[in-house]
Amino acid sequence: MQAGELSAMSRQIRKKAERDRRRFIFFCILPAFLFLAVFMYYPIAETFRLSFMKSSGLGADRFIGWENYKKLFASEEFQQGLLHVFLWAFWSIIIQLPLAFFIAFSLTFYINRFTRPMRAIFYLANVLPSAITAMLGKFVFSPTNGILNSIGANAGWKWLEDIDFLGDVHIAFWSVFAVATWAYTGFPIIFLMSKIEQMPKDMKEAAEIDGVTGWKYAWYIVLPNLKGAFRILAVLCTIGSLKLFDLPYMMTTGGPGYATITLGISLYRQGFINWQYGRASAIGVVILILSLVFTVLEFAGHGGDEGGK
Amino acid sequence: MGRHVRYGVPEVIITIILILLSLTILLPMLLPWMFVFKTQLEYAYDPWAWPKQFLWSNFQDAWEAIQIGQGLLNTLIVSLGAILVTVPSSALAGYVFAKYRSKTTEILFYAILIGYFIPIQMGLIPLYKLNIKLGLSNTLIGLILPMSAFLIPFWTLIYRSFFAALPNELSDAARIDGAGHWATLSRIMLPLANPATVLALLLVFISAWSDYFLSLIMLNDQKLFTMQLRVSQFLNAYGTDRMPRYAAAVIISMAPTIIMYLFGHRWILQGTLAGAIKE
């Protein structure tokens, strides 16, 4: 009788402990989940739905199937946006990553009194808000009073004075890209630096004993060990280009013509200038699907190179 | 560090190249000082002459043209709001995901983690419509909430890996001494997570501070414009046609970030890398 009561009591206590535990878990996860449910999951689901609708904010939405996507892929604005996303990603990988490797390797290989301040300087531009970066970009490239044109005028270099960095269809893309390279190469630099510093210390010494020094060491020993890091960076470059909006929008608003338009700008134009919610949502879906594809590629690469870590 | 190996000529050449490269980073930030003390006339006459006097009125002009005071205040509210929403909810969720692992919590963790890979562009239109429905359109709160929702997954991930690295013995001991779940968290575990919290405070602040796209969509009222919207509006309205004032605008709007970086660059670098390296 007594034993039965005792076990009933302990069962109750255990039950209460379990209930407390569950309640604790519930209330800890609740806030994060609530915010995500309302401001992320719901909007994403809604974007998918809207992308199949004719929707302009006025009047009822109407289901039109794949019409939005068909119109998009037929429109020059979207085609150019997609093209620029891939061009941007391609050139980021080709130009920014090797440059970052050169700087990262040098800053970890040669250590002297300049190393420390330079590490801080190389990341500095990365921290600036994009509006400020755009402002600096215009400071350098603007046709009225821009630094480069002004230098050209002052030195009597007509060719430099006459380059229309932001207004020429063939040059605008590269001007914006130059500003982005200036601003965003800092991240791959510090990322690669931290990866290089994580490598075992005796690797360098062993290589030196074998006579593999300097840039031979960089090429044959360090570089192969950074495969995984480069793959991550390449994916980040690609996803970054898919999301690209701020710099080209503020520097050239996507122009001249479609010369610097991106998917982000196209989405903004369709959604908030033409009020074509449906078509803008379709662009959002394309951005999402492409970034998920590239993220999956990252994880696939990740697992292969570093044993799942 | 400490061990200074000398590599002779290659080291000198590479160091010179690196110094030139870092000057490329610094030069656009320093050059505005060449122009900022000149009158428009002096500038038009000879932009590259050394300034002859210290003329401060350009700063005042730029301050007024950008209308920076209100912008700064709004940005500050948005940044603090984003911190207030993001950091506590990420810390709580991250703690449970690290220390109360079960099948259910793992599934929920991955559900939150997915958010890390979702670009905000994906939700802009519904978010905009949602804000109208909720009566939050054109308010700072209507900007803070979605912004935070898109920051939470990342910081949950960081808190989770930080808490997971803390030994279980401490919380177990506290539990045996009779401390409840909440007491264990608030008295033992959260203080131990201070390094993660410092990073979160700083980097969430910077993300919110730097935001442009979401603010552009969510805020129409000029009075609510954040600093970055003010700057971009200044770019549209005035452009570079009065260079001395433009230079002053560059210097002023850059200043908060530069100051933040001077004092906090160690943590900023550390936090950025923590996010990139963990998992």
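The following exercises, each with a worked solution, concern a predicted model with chains A and B.

**Exercise 1. The contact between the chains**

Task: State how many residues each chain gives to the contact, and describe the side of chain A that touches chain B.

Solution. Begin with the totals: chain A supplies 73 residues and chain B supplies 77 residues. Next, consider which element gives the most on the side of chain A: this is helix α1 (residues 2–50), with 18 residues. Finally, sort the residues of that side by class: 49 are nonpolar, 18 are polar and six are charged.

**Exercise 2. Two helices of chain A and their burial**

Task: For α12(A) and α9(A), compare the end-to-end reach with the expected span, and determine how many residues are buried.

Solution. Take α12(A) to begin with. This helix covers residues 227–243, 17 residues in total, and reaches 25 Å from its first C-alpha to its last. At 1.5 Å a residue, 24 Å would be expected, and the reach is close to that value. As to burial, 12 of the 17 residues of α12(A) are buried, and the helix is mostly covered. Among the buried residues are Phe230(A), Ile232(A), Leu233(A), Cys237(A), Thr238(A) and Leu242(A).

Now take α9(A), which spans residues 186–198 and has 13 residues. Its reach from first to last C-alpha is 19 Å, close to the expected 18 Å. Helix α9(A) is also mostly covered, with 10 of its 13 residues buried. The buried residues include Gly186(A), Phe187(A), Pro188(A), Met193(A) and Lys195(A).

One buried residue of α12(A), Leu242(A), can be related to another helix. Leu290(A) belongs to helix α15 of chain A. The C-alpha atoms of Leu290(A) and Leu242(A) are separated by 7.8 Å, although the two residues are 48 places apart along the chain. Leu290(A) has 19 C-beta neighbours inside 10 Å and therefore counts as partly exposed, since a buried residue needs 20 or more.

**Exercise 3. Two helix crossings**

Task: Classify the orientation of α3(A) to α14(A) and of α5(B) to α11(B), and name residues that meet in each pair.

Solution. For the pair in chain A, the axes of α3 (residues 76–109) and α14 come within 8 Å and cross at roughly 150°. An angle over 145 degrees counts as roughly antiparallel, so α3(A) is roughly antiparallel to α14(A). On the α3(A) side the contact involves Glu77(A), Phe78(A), Gly81(A), Leu82(A) and Val85(A), and these meet Leu263(A), Ile265(A) and Ser266(A) of α14(A). By class, the contact contains five nonpolar residues, two polar and one charged.

For the pair in chain B, the axes of α5 (residues 68–99) and α11 (residues 194–210) come within 8 Å and cross at roughly 140°. Helices α5(B) and α11(B) are therefore oblique to each other. The crossing of α5(B) past α11(B) is right-handed. Residues of α5(B) in the contact include Thr75(B), Val78(B), Ile83(B) and Ala91(B), while those of α11(B) include Thr197(B), Leu201(B), Phe205(B) and Trp209(B). This contact has 11 nonpolar and five polar residues, and no charged ones.

**Exercise 4. Positive phi outside glycine**

Task: Locate Trp275(A) and Gln67(B), give the phi of each, and decide whether each is buried, partly exposed or exposed.

Solution. As background, most residues other than glycine have a negative phi. Trp275(A), in the loop between α14 (263–273) and α15 (277–306) of chain A, has a positive phi near 55°. With 13 other C-beta atoms within 10 Å, Trp275(A) is partly exposed.

Gln67(B), in the loop between α4 (57–66) and α5 of chain B, has a positive phi of about 55°. Gln67(B) has 15 other C-beta atoms within 10 Å and is therefore partly exposed.

**Exercise 5. Two residues of chain B**

Task: Determine whether Tyr212(B) and Leu41(B) are buried or exposed, and describe their surroundings.

Solution. Tyr212(B) has 23 C-beta neighbours inside 10 Å and so counts as buried. Not counting residues up to four places away in sequence, Tyr212(B) touches Pro129(A), Ser130(A), Ala131(A), Asp246(A), Gln228(B) and Ser232(B).

Leu41(B) lies in helix α3 (residues 40–45) of chain B. With 8 other C-beta atoms within 10 Å, Leu41(B) is exposed. From Leu41(B) to Pro244(B) the C-alpha distance is 9.8 Å, across 203 residues of sequence.

Conventions:
Residues numbered from 1 in each chain as written. Chains lettered and ligands numbered in written order. Predicted model: local features only at pLDDT ≥ 70, side-chain atom pairs only at ≥ 80, totals over all residues. Helix = DSSP H or I, 4+ residues; strand = E, 2+ residues; numbered from the N terminus. Expected span 1.5 Å × (residues − 1). Contact = placed C-beta atoms within 7 Å. Nonpolar A, V, L, I, M, F, W, Y, C, P; charged D, E, K, R; others polar. Axes fitted to C-alpha atoms, helices over the stretch in contact; angles between N-to-C directions. Parallel < 35°, antiparallel > 145°, perpendicular 65-115°, else oblique. Left-handed = near helix turned anticlockwise from the far one by under 90°.
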